[in-house]
Amino acid sequence: MAKVHPLSISKTDDASTASTSSCSNNKYVTSKRETFTIWMKSLVMQGKGCTAFDENGEIVYRIDNYDAKHSNEVYLMDLRGKLLFTVCEKKMCFFPSWKGYKNNGANKPLFQVRKSCRSILGKKGFAYKVTMRSDGSCYRLEGLNGKSSEFRITDSNGGVVAETKRKQSSSGVVLGDDVFTLVVEPHVDHSFIMALVTVYGLIRHQI
């Protein structure tokens, strides 16, 4: 399978990044609600992948997959190709799971996503549990109104941290199910939310 390898961060860059981590983190966390347009396509020959635009129409995140088949490892990058997350799909006992790694995946995973008991038991809708390795805290990724193209992400207290809905044009026309609006609540790392959107794309075999 052909893979697109984004820009790697050298050890020198790692040291520099570590010393300015608070500044770099602020880039992805803001004090206001952020809205993105997500297109489940790559701008590279409109192949499989994902492109995220901010409210000004600027590209802020992208995933490019040159392989026409479903990928089991994808790279979430910023516009310039800087690697933010590596997301890998694993299959154990017929139940897939997804692990998210910061940067190139050389360290232990930051989070893991598994199907919730509700989905395994065949109840209507889809729901996945997101477990953070650092502190064991959890999030939920669940469908809205039985529509797999719309979902929300909630924290361990049930509070909504992000939500997606089908994109509508200015005239009210609903666009295809591969284009949606992502709303991220204040003080939430939207690069992490995009990593979960990446998992969603893998679940639906859109990436």
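Which helix does His190 lie in? His190 lies in helix α4; keep that helix in mind for the tour. Helices (H or I, at least four residues) and strands (E, at least two) are DSSP runs, numbered from the N terminus.

**Before you select anything**

This is a predicted model, where local features need pLDDT of at least 70 and side-chain atom pairs count only at pLDDT 80 or more, while totals for chains, interfaces and linings use all residues. Residues are numbered from 1 along each chain as its sequence is written, and side-chain values use heavy atoms, with hydrogens and water left out.

**Whole chain**

Show the cartoon. The protein has four helices and twelve strands. Of its 207 residues, 39% count as buried. Buried means under 20% relative accessible area, exposed over 50%, and partly exposed in between (1.4 Å probe, protein chains only).

Switch on the surface. About 11,500 Å² is exposed, and carbon and sulfur atoms supply 51% of that area. Such areas come from the Shrake-Rupley method with a 1.4 Å probe; for residues, only the protein chains shown count as cover.

**Colour by pLDDT**

pLDDT is the predictor's confidence in each residue, from 0 to 100. Its mean for the protein is 81, and 77% of residues reach 70 or more. Among the elements, strand β1 (residues 34–39) has the highest mean, 96, and helix α1 (residues 11–19) the lowest, 36. Select residues 1–25: the pLDDT there is below 50, yet this stretch has 24 contacts in the model beyond near neighbours in sequence. Contact means heavy atoms within 4.5 Å.

**The core**

Next, the largest nonpolar core, with 39 residues. A nonpolar core is a set of buried Ala, Val, Leu, Ile, Met, Phe, Trp, Tyr and Cys residues joined through side-chain atoms within 4.5 Å. Pick Ile38, Phe111, Leu182, Ile193 and Met194, the members that touch the most others. Helix α4 (residues 190–203) supplies the largest share of this core, nine residues.

Centre on Ile193. Leaving out residues up to four places away in sequence, Ile193 touches Ile153, Val161, Ala162, Leu182, Val184 and Val188.

**His190**

Is His190 buried or exposed? His190 counts as buried because its relative accessible area is 8%. Show its partners: beyond four places in sequence, His190 contacts Lys27, Tyr28, Val29, Glu34, Phe36, Tyr61 and Val184. Draw a distance to Val161, which is 29 residues away along the chain; the two C-alpha atoms are separated by 9.6 Å.

**Two positive phi values**

Most residues other than glycine have a negative phi. Select His187, in the loop between β12 (179–184) and α4. His187 has a positive phi of about 65 degrees. At 61% relative accessibility, His187 counts as exposed. Then move to His205, in the segment after α4. The phi of His205 is also positive, near 55 degrees. His205 is partly exposed, at 45% relative accessibility.

**Thr86**

Jump to strand β5 (residues 83–92), where Thr86 sits. Thr86 is buried, with a relative accessible area of 1%. A polar atom of the Thr86 side chain lies 2.6 Å from the backbone oxygen of Asn103.

**Cysteines**

How many disulfides does the structure hold? Zero. A disulfide is a pair of cysteine sulfur atoms within 2.5 Å. Select Cys88, which is buried at 8% relative accessibility. Finish at Cys138, which is partly exposed because its relative accessible area is 21%.

Note on methods. A polar contact is a pair of N or O atoms within 3.5 Å; within protein, one must be able to donate a hydrogen and the other to accept it, and residues adjacent in sequence count only if both atoms are side-chain atoms.
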